[in-house]
Structures are given as structure tokens and as C-alpha cells.
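Let's take a walk through a protein together, one piece at a time. Keep the sequence and the 3D view side by side as you read.

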Amino acid sequence: MSSTDSAADDARWMARALELARRGLYTTHPNPRVGCVLVRAGAVVGEGWHERAGEPHAEVHALQAAGEQARGATAYVSLEPCSHQGRTGPCARALAEAGVARVVAAMRDPNPMVAGRGLTMLEQAGVEVECDLMAQEAAAINPGFVKRMAHGLPFVRLKLAMSLDGRTAMASGESQWITGPAARGVVQCLRSRSSAIVSGVDAVSLDGSRLTVRHQALIDAGLSPEAAREATRTQPLRVVIDSALRLSPRAPILAGPGRTLVATLVDGPERQAPLIAAGAEPVVLPARDGRVELAALMRHLGEHEACNEVLLESGPRLAGAMFEAGLVDELKLFMAPTLLGHEARGLLNLPGLERMAQQRGMIIDDIRAVGEDWCITARPRPATSAPE
């Protein structure tokens, strides 16, 4: 076989490993999504993906499927096999003990507990090792895990819905519904893949939001009933930013399944007691300009709650503050074919922009139709970046 044919086969099997990794999109928190394919003599002998935290990793599933056929096989893994003992054993050792001859990893594990050690363990066991095949594609499956391992912060995705004239709600605050059912189904998928959903107390109180993931909505969005059931086995952490602790203990968000964290500046059991009795978990954080410091909240979510991806669903003031603080990694903007008029509320509060030189540049990565609406995926342009 020529080197060109070999490279093409490697790319084909790695693409399959990445496809398998995506099956864990909604269920692996706080672990990364990982896929593995075992190939021997040009044929797949075993494959698997990490399905849920605490359960076997992708490599173990693939080895179990392959049995004795794993000996002499090549393992294609979307992330470097782990080398440490956690809730499951080290996958690098399992691959070596199974007699796998070669391991191709898409990327090194950014987790400092691994960080190349898995590849070294394999090499020391006599396994041929290659890395960095389709690394960019692999990292895109786990943007939150990669960022949290590197910086202790989650990947923040800001979801906004607007009319054609850039408005998000009527002057009264009424906003349900700007977009149609298909777009709302996509938002349910964004919620499900997130470790936490963050909103402000005003938005939560005005809309009566529960910020939950709904089983039927995921099915309507295209997931199979089985996948939807797995995705809703646990709910994302709900986070309400409430500096002055104004959230009502009767707020619908506290009646939903799962945990609700209330980020506040108010300390003391007397003020917190009613919310705690209603099931909330107040967390007192540092202040900045009289409000909860947003960077401190993101650090808390990354370091104490192990949040990989955070979905921000909020009004224009909080959305603008997060954007100005440099905490937004990606914008999901749903645009509906409707007009709300000049008196309706705008998209983001970004005070101080008076000249064109102060505009905030964005890089658009994707635009696609979602039912009758459009979804724009964009990211902030680096300050030093020239227009593309």
C-alpha cells in the first residue's frame, strides 16, 4: 500500500472516530466527547464512544466489541487515550494490554493529568503512536473541555433571537415568540449540550423561564426518541445572576428538575433562607460596579462546577456586559422574518460606541435556514485581527 493510500485510510477511519464522538454530544459532561475505531487488515473490528461520565471510555467499548481481534489492530481515537486512574482505568494501558499495534490520536489531551502521558505510556509499551490527525476537527467537538483545561473557564455560547430590524423584545419586555418552532428546537439542543444555562433575574422573572431541556422538543428537533431520552436524563445546571437577591422563591425556574444556582452579592442566612427552602443554591461572588463580577462567575462555573459549555440566554444588558467583558466565545443569532419597530428592545447593550472605529467586529462561521428563520453562528473578531 502506498503512503498516499495509507494516509487516506487514516483520514477515513479518523473521520469515523469523530463521527462516533459526536454521539456523546449531549451526555458526557463533564468529560470530553470521544470516539474510537479499531481497524485490522482494512476492516473495522470494533468501535465505540464515550456515552456517559463514570462509564467506560470509547476505547474500552471498542476493545470489548473487538475481543481478540484487537491484537495487531490500529486504534483511531479522537482524543489522546487517558493515562490516569479516575472513575475508570487508564485507556492507554488497556489498549497496550489488548495488543493494539498502532494508535492514531486526533489531538493531545489538554487535561494536565494526561497532556502527552497517554501517548508516552503507549510508546513505552511498544505501541506505534501518531498524533495530530484532524486535530482542528477534534477540538471543535469539545470546545468547552479544551478551554476549561487550558484556562479554567467554560466555553460561552450566547443565544439571541431577533427580528429583521435587530430587535429582541417589545418595549414592555414581551418576547415570546420571535422565532418559530424549528429555531426553538435548535435552542433545546444547544441547552442539552451545555453544562449550564445562565440568565439574569429580570429575564427569568419576566418570562417565567424554567430553562430546562424538554424531551419532546428534542425529538421535534430531529433527535431519535432514544437519544432524546438519554439527553434528558440529567438537566443542565441553571444559573440566575441576581446581585440583590430579588428572585422570588415561587419563580418557575425553582420548580424545574435539577439544580438552580443563584449568583449574588447578598450574604447572610436570613436573606438566603427563603430561596434555599425553595431549592436554590445561593453562591456569593465578588462585586464589580455593584453587580456580580461576571468573570468570577465564569471561573466558579469552570473550576467548581466543571462546566465545559455554558449557554447564555439573557436580555440585552447582561448579554452586552458578557460581550464587553470578553467572556463570549460564540454567538448563535436566530433571525426571524418579522419587524418589531424602532421602539422595541435592541440586541445588545454596548455603551460608549460613538465612532465607526469602535465597532465590534465579528467573524461569521455559518449561516443556515432553520424553518422560516435563519441561524447565524459568529465569534468575536480578535482586536488585532484584520478583516477576512
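Which residue in E15 is the bridge partner of Ala 161? It is Phe 334. Before we follow that thread, please keep in mind that what you are looking at is a predicted model.

Let's stay with strand E15, which spans residues 330-335. Strand E6, residues 155-162, runs parallel to E15, and six bridges join the two. E15 also pairs with strand E18, residues 373-380, this time in the antiparallel sense and over five bridges. In that pairing, Lys 332 stands opposite Thr 377 of E18. A general idea helps with what comes next: in a regular strand, side chains alternate between the two faces of the sheet. Now look at the two sides of E15. Glu 330, Lys 332 and Phe 334 are on one side, while Leu 331, Leu 333 and Met 335 are on the other, and all of them are buried. Both faces of E15 are therefore covered, because buried residues are found on each side. Counted another way, six of the six residues of E15 are buried.

Next, turn to another sheet. Here five strands form an open sheet in the order E2-E1-E3-E4-E5, with mixed pairing. Which strands stand at the edges? They are E2 (43-49) and E5 (128-131); each has a single partner strand, so one side of each is left without a neighbour in the sheet. On average, neighbouring strands of this sheet are turned by 15° against each other, direction ignored. As a general rule, strands of a sheet pair through backbone hydrogen bonds, either parallel or antiparallel. Strand E1, residues 35-40, pairs with E2 in the antiparallel sense over six bridges. One of the matched pairs to look for is Gly 35 with its bridge partner in E2, Trp 49.

Trp 49 has further company. Arg 23 lies over the face of Trp 49, at 4.8 Å from the ring centre. A similar arrangement can be found at Trp 13, where the charged end of Arg 12 sits over the ring, 4.2 Å from its centre. And how many aromatic pairs does the structure hold? The count is zero.

Trp 49 also leads us to Ala 21, which lies in helix H1, residues 3-21. Ala 21 has a relative accessibility of 0%, so it counts as buried. Leaving aside neighbours within four places in sequence, its contacts are Arg 33, Val 34, Gly 35, Trp 49, Ser 78 and Ile 141. Take a look at Ile 141 in that list: Ala 21 and Ile 141 are 120 residues apart in sequence, yet their C-alpha atoms are 7.7 Å apart in space.

Helices lie across this sheet too. Helix H2, residues 58-66, lies across E1, E2 and E3, and runs at about 140° to E2. Helix H4, residues 117-124, lies across strand E4 (102-105) and E5, running at about 155° to E5. Within H2, the residues Ala 58, Glu 59, His 61, Ala 62, Leu 63 and Ala 66 are buried. What covers them includes E1, E2, E3 and H3. After H2 comes Gly 67, whose phi is positive, near 60°.

Just before H2 we can pick up a new trail. UniProt, in an unreviewed entry, places a "binding site" feature at His 57, Cys 82 and Cys 91. These residues are spread over 35 residues of sequence, but they cluster in space, with a largest C-alpha distance of 9.2 Å. Cys 82 sits in the loop between strand E3 (74-77) and helix H3 (91-97), whereas Cys 91 is in helix H3. Are these two cysteines buried or exposed? Cys 82 is buried, with a relative accessible area of 7%, and Cys 91 is buried as well, at 1%. Beyond its sequence neighbours within four places, Cys 82 is in contact with residues including His 57 and Cys 91. Likewise, among the residues that Cys 91 touches are His 57 and Cys 82.

The same unreviewed UniProt entry type gives us one last stop. A "binding site" annotation from an unreviewed UniProt entry covers Ser 175, Arg 191, Leu 211, Arg 214 and Glu 313. Leu 211 is found in the loop between helix H8 (201-207) and helix H9 (215-220), and Glu 313 lies in strand E14, residues 309-313. Leu 211 is buried, with a relative accessible area of 4%, and Glu 313 counts as buried at 9% relative accessibility. Leaving aside neighbours within four places in sequence, the contacts of Leu 211 include Arg 191 and Glu 313. Glu 313 in turn has contacts that include Arg 191 and Leu 211.

Notes: Residues are numbered from 1 along each chain as its sequence is written. This is a predicted model: local features need pLDDT of at least 70, side-chain atom pairs count only at pLDDT 80 or more; totals for chains, interfaces and linings use all residues. Side-chain values use heavy atoms; hydrogens and water are left out. UniProt positions are given in the numbering used here, feature names are shortened, and annotations may be inferred rather than shown by experiment. Helices (H or I, at least four residues) and strands (E, at least two) are DSSP runs, numbered from the N terminus. Buried means under 20% relative accessible area, exposed over 50%, partly exposed in between (1.4 Å probe, protein chains only). Contact means heavy atoms within 4.5 Å. Two strands pair if DSSP finds at least two bridges between them. Axes are lines fitted to C-alpha atoms, for helices over the stretch in contact, and angles run from 0 to 180 degrees between N-to-C directions. Rings of Phe, Tyr and Trp (its six-membered ring) pair if their centres lie within 6.5 Å; planes under 30 degrees apart count as stacked, over 60 as edge-to-face and the rest as tilted. A charge sits over a ring if NZ of Lys or CZ of Arg is within 6 Å of the ring centre and within 35 degrees of the ring normal.
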